[in-house]
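Please open the structure in a viewer and keep the selection panel at hand. The tour below proceeds from stop to stop, stating at each one what to select and what is found there.

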Amino acid sequence: MVLGFVGAFEWAHQWWGPLSWLVLLVFLVGTVAEAYDRRLARYVLASGWGVLALFWVSAIYQFVFDQKSITEGIAVVAAIPLSVYVGYLLANGRDRLMVVSRAVAVAWLIYLPFSTLPFLRNPLISIVTDQTAAVLSVLGADFEVIAGNNFPAGLGPTKPVQPYHKTFFFHVPDVRAISYTIKMACTGVGSMAIFGGLIGAVRAPLARKVKALAVAVGIIWLLNIARNVFIAYSFGYQRLQVFPEFVMSTFGVNRVEVSYIVADRILAQFLSVIALVAITYIVIRLLPEVLVIVDEALYVLTGTEYDLQSALGVDTHGEHGSTRREETA
């Protein structure tokens, strides 16, 4: 029964790639249509949220069963009904959600090319690997970086590694050689795309948008390198063998992997959520227009109208006019 349940999600995962491009296509068409026919755009974007819900279904296997990620697993599962609900609200006339839809279009337009096109993806992974390696070297770590699958015989990772991946290879006494692979998820581009979507979707002076984006991307980049260093060092030197029996039984991993689960799946991901909230606040201070999207997100989650402008003491009613009126016109 359980294996059949998991198998269904594994089957759905094969549609991850096509659905990701379909999401981008539908949201881009809806965003362009908004400039010409708002009613048409409403229904195109509403259908886009339906496609996005299907995409999240296809992502369940990766985040819940393959990566065993608590934070991302919960987020993906919750995103399915939320996407359907946003589509429903939009189709029924809540046009403020069009700005949220624009944010999805921009975020997808940033993330998808970087995650799929080799001339963007491969250099990004190499740069992140080099900078992580530089910090690890300063800390005195003893490792080597291996490209693709060029591991010593019988000492590679248990999961397949792509040719463009880079792996930190540690030799720990009395422990099987440990490897930590830098993949696309380790570059921080997903978080950068989220803020790129938030900033790109709202109407505001270009100079302030560029400043907010530069600050957000800069902070994410630095924190992401620190995250990779923390995980690689903690896992490579087995520094977080915390409650090993509990972690092994809960996540279905062996004893060596306990440090990785604690460092990445628990500590790093929990701290990432806090960091994203903090960066959102900084972006709001630099670009208050983003509150339009935050207000709508909170409405979808709670069903209550919010005025975060007053709550946070920021001003979106300056010489550029009212953002709220602009977005609902």
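Is phenylalanine 243 buried or exposed? Select phenylalanine 243 in this predicted model: the residue has a relative accessible area of 63%. It is therefore exposed, the cut-off for that class being over 50%. Phenylalanine 243 sits in the loop that joins helix 8 to helix 9. Its phi is near 45°, a positive value in a residue other than glycine.

**Along the loop to glutamine 238**

Remain in this loop, between helix 8 (206-236) and helix 9 (244-251), and select glutamine 238. Here too phi is positive in a residue other than glycine, with a value near 55°. Is glutamine 238 buried or exposed? Its relative accessibility is 17%, and the limit for a buried residue is under 20%, so glutamine 238 counts as buried.

**Proline 173**

Next, select proline 173, in the loop between strand 2 (166-170) and strand 3 (178-182). With a relative accessibility of 64%, proline 173 counts as exposed. Add tyrosine 237 to the selection and display the C-alpha distance: the two residues lie 64 positions apart along the chain, and their C-alpha atoms are separated by 9.5 Å.

**The whole chain**

Zoom out and colour by secondary structure; the chain has 13 helices and five strands. Of its 329 residues, 45% count as buried. An accessible surface representation corresponds to about 16,300 Å² of exposed area, of which carbon and sulfur atoms supply 68%. In a contact map, consider the contacts with a separation of 6 or more: residues 24 or more positions apart account for 66% of them.

**The nonpolar cores**

Which residues have the most contacts inside the largest nonpolar core? They are Trp56 and Trp108, in a core of 56 residues. Helix 3 (residues 38-66) gives the most to this core, contributing 13 residues. Centre the view on tryptophan 56 and show its surroundings: beyond the residues up to four places away in sequence, tryptophan 56 touches Val76, Ala79, Ile80, Ser83 and Trp108. Apart from this core lies another, of 30 residues; to find it, select Cys186, Ala232, Val247 and Ile261, which are among its members. As general background, nonpolar side chains tend to be buried together in soluble globular proteins.

**Helix 4 against helix 10**

Now select helix 4 (residues 70-91) together with helix 10 (residues 258-286). Their axes are 8 Å apart, and the helices pack at an angle of about 55°. Because that angle falls outside the ranges for roughly parallel, antiparallel and perpendicular packing, helix 4 is oblique to helix 10. To display the contact, show Ile70, Thr71 and Glu72 of helix 4 with Gln269, Phe270 and Val273 of helix 10. These residues divide into three nonpolar, two polar and one charged.

**Isoleucine 282**

Stay on helix 10 and select isoleucine 282. How large is its relative accessible area, and which class follows? The value is 33%, so isoleucine 282 is partly exposed. Leaving aside neighbours within four places in sequence, isoleucine 282 is in contact with Val215 and Ile219. Alanine 212 may be added as well: isoleucine 282 and alanine 212 are 70 residues apart along the chain, with their C-alpha atoms separated by 8.2 Å.

**Arginine 94**

For the final stop, select arginine 94, in the loop between helix 4 and helix 5 (97-116). Is arginine 94 buried or exposed? Its relative accessible area is 15%, under the 20% limit, so arginine 94 is buried. Which residues does arginine 94 contact, leaving aside its neighbours within four places in sequence? They are Leu89, Glu296, Tyr299 and Glu305. Display the C-alpha distance from arginine 94 to glutamate 296: the pair is 202 residues apart in sequence and 9.8 Å apart in space.

Conventions. Residues are numbered from 1 along each chain as its sequence is written. This is a predicted model: local features need pLDDT of at least 70, side-chain atom pairs count only at pLDDT 80 or more; totals for chains, interfaces and linings use all residues. Side-chain values use heavy atoms; hydrogens and water are left out. A nonpolar core is a set of buried Ala, Val, Leu, Ile, Met, Phe, Trp, Tyr and Cys residues joined through side-chain atoms within 4.5 Å. Buried means under 20% relative accessible area, exposed over 50%, partly exposed in between (1.4 Å probe, protein chains only). Helices (H or I, at least four residues) and strands (E, at least two) are DSSP runs, numbered from the N terminus. Contact means heavy atoms within 4.5 Å. Accessible areas come from the Shrake-Rupley method with a 1.4 Å probe; for residues, only the protein chains shown count as cover. Axes are lines fitted to C-alpha atoms, for helices over the stretch in contact, and angles run from 0 to 180 degrees between N-to-C directions. Angles under 35 degrees count as roughly parallel, over 145 as roughly antiparallel, 65 to 115 as roughly perpendicular and the rest as oblique. Ala, Val, Leu, Ile, Met, Phe, Trp, Tyr, Cys and Pro count as nonpolar, Asp, Glu, Lys and Arg as charged, and the others, Gly among them, as polar.
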